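Work through the following exercises with the sequence and the model open. Each task is followed by a solution in steps.

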Amino acid sequence: MKRVLWTLAGTAVMLLCTIGILIYSNSHIHSVMGGSLTQAEKTPQPTPEVTQPPLRIAVLSQSEQFTDGALSGAWDGVEIFEATSIQEVNGADAALLYMPDIALLDTVTVPNVLYSDAFVVALDRNLISVSQDQVVTAAWQALYEYPTHDAPVRLLTLTEASSVGEGVYADWLQAGKLMDKGLYTDGIKGAQSWTEETLDGIVPGLLDTIYAENPEYAKAAYAALKKANRNDSVEVICAGLTPQIMECMIEDHWLMGAAVGYNEHAGGALAADMAQELFEKGSVTKRDFAPQVVHSQDVLALYQSGVTDPYEIINRLHQQQD
């Protein structure tokens, strides 16, 4: 009997020891796991990067081509958008402005790049300088260098009174560069009627070219030449570059020989480049923007290759010249 009791007692002790060991083990495991979680919770997490909002540059322009050129000039971290009011402009970080109405410039409160006539705006910085006088001077030079001309150039001239073109005409006539065949300056008679009557009095072969100070004069001279149906090589040189003049070149590249004017799409792209420099350096210097000379044979070649939009033709020719 005693042996049985001792056996039961020993078994009970062994059972209690086993239970104790299990309890200790579970407690230790829980403690270790709990400690690991606590340590993980205390591990520093990386700080998320803060994304800076893009710079916003507004374009306020009276030229669709300038706007398109400016919008194409965005760089990393910058949003260029078309604005429709001064309020939108002043809510941006900077502005690209094509503003013939310079009175509005006083209402712009953000840094800006301005595309305008240098004679209208007295600014030394942040200005793309354009001038109709530059266009006229370049057109006279294009006329003198036209491939089929020899000095003196036998010339019909349609010019605006008291313009820089009238001055070039007088100077070159005196210097022997020109042979005058007729001068029209804002006469009472319409430009086309005057050109038609004057052409009737000039024997074919004794006239080289017609200079037109603006696109309206150029279209009038072009129409008069078509009506005259002359068999000599006489073309119009125009101080002005418009889609209508381009269409005349495509229709008859012999009669509308060349035109000079500003590529406003390229002007908008230049304004965007200057804005980038403005942000990087704090200021930019004034840029003189040269007029573009377009010859009719180049226009016709692009048109025949499938490029039919006049502005796209101008842009392609500008890229070729660069």
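**Exercise 1. The N-terminal end of α11**

Task: find which residue caps the N-terminal end of α11, and state which atoms are involved.

Solution. In this predicted model, the cap of α11 is Asp 309. One of the side-chain oxygens of Asp 309 lies 3.2 Å from the backbone nitrogen of Tyr 311.

Next, take the helix itself. Helix α11 covers residues 310-321, 12 residues in total. From first C-alpha to last it reaches 17 Å, close to the 16 Å expected at 1.5 Å a residue.

Then list the buried positions of α11: Pro 310, Ile 313, Ile 314, Asn 315, Leu 317 and His 318. These buried residues pack against four helices and a strand, namely α2 (64-71), α8 (243-251), α9 (264-281), α10 (296-304) and β12 (292-295).

**Exercise 2. α8 against α11**

Task: determine how the axes of α8 and α11 are oriented to each other, and which residues make the contact.

Solution. Two packed helices are described by the angle between their axes and by the distance between the axes. For α8 and α11, the axes come within 9 Å and cross at roughly 85°. An angle of 65 to 115 degrees counts as roughly perpendicular, so α8 is roughly perpendicular to α11.

On the α8 side the contact is made by Pro 243, Met 246 and Ile 250, and on the α11 side by Pro 310, Tyr 311, Ile 313 and Ile 314. Sorted by class, this contact has seven nonpolar residues, no polar ones and no charged ones.

**Exercise 3. α8 against α10**

Task: give the crossing angle of α8 and α10, and classify the residues of their contact.

Solution. The axes of α8 and α10 come within 9 Å and cross at roughly 80°. These two helices are therefore roughly perpendicular to each other.

From α8, the residues in the contact are Met 246, Met 249 and Ile 250; they meet Ser 296, Val 299, Leu 300 and Tyr 303 of α10. By class, the contact of α8 with α10 has six nonpolar residues, one polar residue and no charged residues.

**Exercise 4. Ser 296 and His 253**

Task: decide whether Ser 296 is buried or exposed, and find what Ser 296 and His 253 touch.

Solution. Ser 296 is found in helix α10. The cut-off for buried is under 20% relative accessible area; Ser 296 has 0% and is therefore buried. Leaving out residues up to four places away in sequence, Ser 296 touches Tyr 146, Met 249, His 253, Met 256 and Gly 257.

His 253 lies in the loop between α8 and β10 (256-261). Apart from neighbours within four places in sequence, His 253 is in contact with Cys 248, Ser 296, Gln 297 and Leu 300. The C-alpha atoms of His 253 and Asp 298 are separated by 9.3 Å, with these positions 45 residues apart along the chain numbering.

**Exercise 5. Pro 291**

Task: place Pro 291 in the chain and list the contacts it makes beyond its sequence neighbours.

Solution. Pro 291 is found in the loop between β11 (287-288) and β12. Leaving aside neighbours within four places in sequence, Pro 291 is in contact with Gln 134, Val 135, Ala 138, Val 260, Gly 261 and Tyr 262. Pro 291 and Leu 241 are 50 residues apart in sequence, and their C-alpha atoms are 9.5 Å apart in space.

**Exercise 6. Backbone geometry in three loops**

Task: locate the cis peptide bond from Ala 151 to Pro 152, and describe the positive phi values of Ser 162 and Asn 229.

Solution. The peptide bond from Ala 151 to Pro 152 is cis, with omega near -5°. Pro 152 is in the loop between α4 (132-144) and β6 (153-159).

Ser 162, which is not a glycine, has a positive phi of about 60°. Ser 162 lies in the loop between β6 and α5 (164-174). Exposed means over 50% relative accessible area, so Ser 162 counts as exposed at 73%.

Asn 229 has a positive phi near 50° and is likewise a residue other than glycine. Asn 229 lies in the loop between α7 (215-228) and β9 (235-239). With a relative accessible area of 64%, Asn 229 is exposed.

Note on methods. Residues are numbered from 1 along each chain as its sequence is written. This is a predicted model: local features need pLDDT of at least 70, side-chain atom pairs count only at pLDDT 80 or more; totals for chains, interfaces and linings use all residues. Side-chain values use heavy atoms; hydrogens and water are left out. The expected span of a helix is 1.5 Å times one less than its number of residues. Buried means under 20% relative accessible area, exposed over 50%, partly exposed in between (1.4 Å probe, protein chains only). Contact means heavy atoms within 4.5 Å. A polar contact is a pair of N or O atoms within 3.5 Å; within protein, one must be able to donate a hydrogen and the other to accept it, and residues adjacent in sequence count only if both atoms are side-chain atoms. Axes are lines fitted to C-alpha atoms, for helices over the stretch in contact, and angles run from 0 to 180 degrees between N-to-C directions. Angles under 35 degrees count as roughly parallel, over 145 as roughly antiparallel, 65 to 115 as roughly perpendicular and the rest as oblique. Ala, Val, Leu, Ile, Met, Phe, Trp, Tyr, Cys and Pro count as nonpolar, Asp, Glu, Lys and Arg as charged, and the others, Gly among them, as polar.
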